Amino acid sequence: MPTRNHFRKTYLVTGGAGFIGSHLCDRLIGAGHAVLCVDNYLTGSRDNIAHLLDDPHFEAMRHDVTFPLFVEVDGIFNLACPASPVHYQRDPVQTTKTSVHGAINMLGLAKRLNVPILQASTSEVYGDPEIHPQTEDYWGHVNPIGTRACYDEGKRCAETLFFDYHREHDLEIKVARIFNTYGPRMHPNDGRVVSNFIMQALRGEDITLYGDGEQTRSFCYVDDLVEGLLRLMNTDAAVTGPVNLGNPGEFTMRELARAVIDETGAQSQMIHAPLPADDPRQRQPDISLAQQTLEWTPTVPLVDGLQPTVAYFRDLVERGLS
């Protein structure tokens, strides 16, 4: 895999106080780089980056990416956007603005500085897919007027903007399509299935399966995902993506619930509720391109990744922070 030189650089990470963003900040600082973490703390948390605040090479800035930003950096990771249905449906217009206006502002900054920029896109661009597993050349099956469209179509439009800036301005872009990711620092009330199941189990509640519980997802541990993002950013300019980043291991919701019950030691039963609107039946990445281009394959099995994730949430519950 062709890579750049690894001397110290300054990276802008938007959404850097979020779940994935904070882990990315950790890795960049650990690799000897400087980080400017930008977040409006709508869904991110200063707690996620508190351990970095005293590092001389880390800076945190409260800022909303829907407004322009004028800083000097060597590369940009654009992760800013609410990423769970509970959060992005709370203010759908703002969600779309964050994806679209945020992309325009960060692309404009990258163009002015002539630096590479990576977009954290999403498997949601595939919608409720009609092919399985999903490959990067699949255009998707998305409801443009549904309750999830603010996120799905916002991210699709952001990808459009990235590739138009690349074609029109020869801007160096990288687009990662992120599949379900889990791990410590997930928001306990973000409505995602892993955090939902763990919190219900730790509270001694029954675990809610939507529909028949046979719909599938593929779960990537956050450390694996961040490794993929770093490898994508470090590729030659000719590599633009989009590149699927996720774990191709496929689990039904029932299997995930059983794994969570086993890890937490809970006595929870499984109960059923109606399936949410436009909820995909299957979601599994084809990561052949990432394997070939980035030499990247996830290494953390679900059972291993659940251990530190459950421990994180258990600590929140015991401290009364959830």
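This passage describes a pocket, a helix and a strand residue in a predicted model.

The second largest pocket has a volume of about 190 Å³. Its lining is formed by Val125, Glu136, Tyr138, Trp139, Arg156, Glu159, Thr160, Phe163 and Arg177. By residue class, this lining comprises 4 nonpolar, 1 polar and 4 charged residues. Helix α4, which spans residues 149-169, gives the most to the lining of the second largest pocket, contributing 4 residues.

Helix α3 covers residues 92-113 and is made up of 22 residues. From its first C-alpha to its last, α3 reaches 31 Å, which is close to the 32 Å expected at 1.5 Å a residue. A bend of about 25° is found in α3 at threonine 98. Just after the helix, asparagine 114 adopts a positive phi of about 55°.

Strand β5 runs over residues 117-122 and includes threonine 122. Threonine 122 has a relative accessible area of 5%, and because this value is under 20%, the residue is classed as buried. The side chain of threonine 122 also reaches the backbone nitrogen of glutamate 124, at 3.0 Å. This distance is within 3.5 Å, the cut-off for a polar contact between N or O atoms.

Note on methods:
Residues numbered from 1 in each chain as written. Predicted model: local features only at pLDDT ≥ 70, side-chain atom pairs only at ≥ 80, totals over all residues. Heavy atoms only, no water. 1 Å grid on protein atoms, 1.4 Å probe; cavity = no way out; pocket = protein on both sides within 12 Å on 5 of 7 lines; lining within 4 Å. Points joined across faces, edges and corners; volume = space filled by probe spheres on them. Helix = DSSP H or I, 4+ residues; strand = E, 2+ residues; numbered from the N terminus. Nonpolar A, V, L, I, M, F, W, Y, C, P; charged D, E, K, R; others polar. Expected span 1.5 Å × (residues − 1). Bend = angle between axes of the 7 residues up to and from the residue. Buried < 20%, exposed > 50% of the residue type's maximum accessible area, 1.4 Å probe, protein only. Polar contact = N/O pair within 3.5 Å; in protein donor to acceptor, adjacent residues only side chain to side chain.
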